[in-house]
Amino acid sequence: MRHIVFCLLLMLSITAHANEADRLKQANFPAQSQSLVLKNQAVLTYLWADVYAAALYAPSDLSAKQAWDQQKALHLVLYYFRDIDRNDVIKAATTTLERQQASARLKPEIEKLHASFRNIRSGDRYALDFRPGRGLNLEINGQVAFSSRDDELAKAYLGIWLAPNGLSDSLRSKLLD
């Protein structure tokens, strides 16, 4: 009986891995984006449903973790597999930022950022592009929807995916590996 259970678990893990590979292929992340190189990519799954694929780009001479730790240029792209109401995204982001104890000073800028969100449709790409000194851009399907020169906002908002106590420790590990 144990052998059967083990075989079933092995089959499920192989299927899940193949599914992630298929999902990443579907997301079709390029090897380079805006002068940065693809460092890592992963799929976020919630309650057995694939929500989005994430890709993290950083300078070629740094690892993803080094770029994050040193607050160098980063480009985080999310390719969505499902329709999601903008209010659900805002609620998840707000909850995570509160858990991470983001500075209250950032609240007005975060509200402006959230005001630029729209309902997500399957196939949409949201990207957070951070450049030191220039700040943060939110891009929706390749179009800049929000800009802020506040590097602290960029650190806090990218931290939803890259800092401890974020949306998913597993996703964070895969992106920063």
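**A chat about the sheet, the cores and the salt bridges**

Student: Starting at strand 7, which residue there stands opposite Ile140?

Tutor: Gln143 stands opposite Ile140. This is a predicted model, so everything here is read from a prediction.

Student: How many bridges join strand 6 to strand 7?

Tutor: Five, and the two strands run antiparallel. Strand 7 covers residues 143-148.

Student: What about the hairpin there, which residue takes a positive phi?

Tutor: Asn141, near 50 degrees. The hairpin of strand 6 and strand 7 has two residues between the strands.

Student: And on the other side, how many bridges join strand 5 to strand 6?

Tutor: Six bridges join them, again in an antiparallel run. Strand 5 spans residues 125-131. Within that pairing, Arg131 is opposite Gly135 of strand 6. The hairpin of these strands has three residues between them, and Gly133 has a positive phi near 85 degrees.

Student: Is strand 6 mostly covered or exposed?

Tutor: Mostly covered: six of its six residues, 135-140, are buried.

Student: OK, zoom out. What is the strand order of the open sheet?

Tutor: The order is 1-2-3-4-5-6-7, seven strands with antiparallel pairing. Strand 1 (32-33) and strand 7 are the edge strands, and each pairs on one side only.

Student: What holds paired strands to each other in general?

Tutor: Strands of a sheet pair through backbone hydrogen bonds, in a parallel or an antiparallel way.

Student: Back to this one. Why is strand 3 called largely enclosed?

Tutor: Because 10 of the 10 residues of strand 3 (residues 49-58) are buried, the rest of the structure largely encloses it.

Student: How many bridges pair strand 2 with strand 3?

Tutor: Nine, in the antiparallel sense, with strand 2 at residues 36-46. One bridge pair there is Val43 with Ala53 of strand 3. Their hairpin has two residues between the strands, and Leu47 takes a positive phi near 50 degrees.

Student: And strand 3 with strand 4, how many bridges?

Tutor: Six, antiparallel, with strand 4 at residues 74-80. Ala54 faces Leu78 of strand 4 in that pairing. Strand 4 in turn pairs with strand 5 over six bridges, also antiparallel. There, His75 stands opposite Asp129.

Student: Changing topic. Which strands does helix 5 lie across?

Tutor: Strand 3, strand 4, strand 5, strand 6 and strand 7. Helix 5 runs at about 135 degrees to strand 5.

Student: How many residues are in the largest nonpolar core?

Tutor: That core has 44 residues. Tyr52, Tyr157, Trp161 and Leu162 have the most contacts inside the core. Helix 5, residues 151-162, gives the most to this core, with eight residues. There is also a second, separate core of 13 residues, including Val43 and Ala127.

Student: Pick Tyr52. What does Tyr52 touch?

Tutor: Leaving out residues up to four places away in sequence, Tyr52 touches Ala42, Val43, Leu44, Leu78, Tyr79, Tyr80, Phe81, Trp161, Leu167 and Leu171.

Student: Now charges. How many salt bridges turn up in the whole structure?

Tutor: A search of the whole structure gives 11. In one of them, Asp50 pairs with Arg23, with the closest N and O atoms 3.1 Å apart.

Student: Why does that pair tie parts together?

Tutor: Asp50 lies in strand 3 and Arg23 in helix 1 (residues 2-27), so the bridge ties together parts that are 27 residues apart in sequence.

Student: Are those two buried or exposed?

Tutor: Asp50 counts as buried at 8% relative accessibility. Arg23 counts as buried at 18%. The cut-off for buried is under 20%.

Student: Which residue forms a salt bridge with Glu109?

Tutor: Lys112, with the closest N and O atoms 3.3 Å apart. Both lie in helix 4 (residues 107-115), three residues apart, which is about one turn of the helix. Glu109 is buried, with a relative accessible area of 18%.

Student: Arg131 came up earlier. Which side chain does Arg131 meet in a salt bridge?

Tutor: The side chain of Asp129, at 3.0 Å from N to O. Arg131 and Asp129 are both buried.

Student: Last one: which residues are linked in a network of salt bridges?

Tutor: Arg105, Asp150 and Glu152 are linked in such a network.

Definitions and conventions
Residues numbered from 1 in each chain as written. Predicted model: local features only at pLDDT ≥ 70, side-chain atom pairs only at ≥ 80, totals over all residues. Heavy atoms only, no water. Core = buried A, V, L, I, M, F, W, Y, C linked by side-chain atoms within 4.5 Å. Buried < 20%, exposed > 50% of the residue type's maximum accessible area, 1.4 Å probe, protein only. Helix = DSSP H or I, 4+ residues; strand = E, 2+ residues; numbered from the N terminus. Contact = heavy atoms within 4.5 Å. Pairing = 2+ DSSP bridges. Axes fitted to C-alpha atoms, helices over the stretch in contact; angles between N-to-C directions. Salt bridge = Lys/Arg side-chain N within 4 Å of Asp/Glu carboxyl O.
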